[in-house]
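Grab a pencil and open the viewer. Here are some exercises to work through, each with a solution right below it.

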Amino acid sequence: MHPKSIELLNKAIADEIMAVHQYMFFHFHCENQGYGQLSNLFMRTAVEEMGHVERCAERILFLGGEVEMVTSGGVQKIHDPKAMLELARKLEEGSVQDYNKWANECSANADSGSKKVFEGLVDDEERHYSQYDLEMEKIHKFGDQYLALQSMEGNKGEAAPAA
Ligand SMILES: [Fe+2]
Ligand SMILES: [Fe+2]
């Protein structure tokens, strides 16, 4: 049933898995540099992308297809937070474009269930984009002080245990 939808859903899963890997990589490195807020944002977003894998997989199985579980690309080893946010925004923008297109394609093939899955993903990716965009705006507005503040907040959290 609906081989084209199954193909598109598997393509989406490959992009989502790539995003999970990339955002977890960013999460580790933000954590390591003491950028607690950014680190949490990347972690939370990675978990949501994992949820997207699940939604697509459920739909593929419903249609009688097989879940391929491959990744669409390797991790880019970026350590600078501004460059991380730049790539993250680009990934989200690409997902919004692809999923809108694929929703229309599913609709044209009279598969409204898969169309709805893609439309649901579009809502989430647009939110991810604006979350990353807001962080980027704050860095531009407050400069490196914004990041320095996060790293001070982080140190507070690691205060020595009471004697
Ligand atoms: Fe996603
Ligand atoms: Fe996303």
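The exercises below start with the whole chain and then turn to single helices and residues.

**Exercise 1. Describe the overall build of the protein.**

Solution. Keep in mind that you're looking at a predicted model.
- Step 1: count the elements. There are five helices and zero strands.
- Step 2: read along the sequence. You get the pattern α-α-α-α-α.
- Step 3: put a box around the C-alpha atoms. Along the principal axes, that box is roughly 65 × 35 × 25 Å.
- Step 4: look at burial. Of the 163 residues, 31% count as buried.
- Step 5: look at contacts. Take those with a separation of 6 or more: 76% of them join residues 24 or more positions apart.

**Exercise 2. Check whether the length of helix α3 fits its number of residues.**

Solution.
- Step 1: find the helix. Helix α3 covers residues 81-108.
- Step 2: work out the expected span. The rule is 1.5 Å times one less than the number of residues, so the 28 residues of α3 should span 40 Å.
- Step 3: compare. The end C-alpha atoms of α3 are 41 Å apart, which agrees.

Now try the same thing on helix α2, residues 36-62. With 27 residues, α2 is expected to span 39 Å, and its first and last C-alpha atoms are 40 Å apart, which is close.

**Exercise 3. Work out how α3 and α4 are arranged.**

Solution.
- Step 1: find the partner. Helix α4 takes in residues 112-142, and its axis comes within 8 Å of the axis of α3.
- Step 2: get the angle. The two axes cross at roughly 160°.
- Step 3: name the arrangement. Angles over 145 degrees count as roughly antiparallel, so α3 and α4 are roughly antiparallel to each other.
- Step 4: give the handedness. The crossing of α3 and α4 is left-handed.
- Step 5: sort the residues of this contact by class. You'll find 14 nonpolar, six polar and 10 charged ones.

**Exercise 4. Decide how buried aspartate 98, histidine 2 and alanine 110 are.**

Solution. You need the cut-offs: 20 or more other C-beta atoms within 10 Å means buried, 12 or fewer means exposed, and in between is partly exposed.
- Step 1: aspartate 98 sits in helix α3. It has 18 other C-beta atoms within 10 Å, so it is partly exposed.
- Step 2: histidine 2 belongs to the segment before α1. Its count is 20 other C-beta atoms within 10 Å, so histidine 2 is buried.
- Step 3: alanine 110 is in the loop between α3 and α4. With 8 C-beta neighbours inside 10 Å, it counts as exposed.

For more practice, colour the buried residues of two helices. In α3 they include Met84, Leu91, Tyr99 and Trp102. In α2, Leu38, Phe42, His52 and Ile60 are among them.

**Exercise 5. Look for positive phi values.**

Solution.
- Step 1: check what comes after α2. Glycine 64 follows α2, with a positive phi near 85°.
- Step 2: check what comes after α3. Here you meet alanine 110, which is not a glycine but still has a positive phi of about 60°.
- Step 3: go back to the start of the chain. Histidine 2, another residue other than glycine, has a positive phi near 50°.

**Exercise 6. How far apart are the C-alpha atoms of aspartate 98 and glycine 65?**

Solution. Along the chain, the two residues are 33 residues apart. In space, their C-alpha atoms are separated by 21 Å.

Conventions:
Residues numbered from 1 in each chain as written. Chains lettered and ligands numbered in written order. Predicted model: local features only at pLDDT ≥ 70, side-chain atom pairs only at ≥ 80, totals over all residues. Axes fitted to C-alpha atoms, helices over the stretch in contact; angles between N-to-C directions. Helix = DSSP H or I, 4+ residues; strand = E, 2+ residues; numbered from the N terminus. Parallel < 35°, antiparallel > 145°, perpendicular 65-115°, else oblique. Left-handed = near helix turned anticlockwise from the far one by under 90°. Nonpolar A, V, L, I, M, F, W, Y, C, P; charged D, E, K, R; others polar. Contact = placed C-beta atoms within 7 Å.
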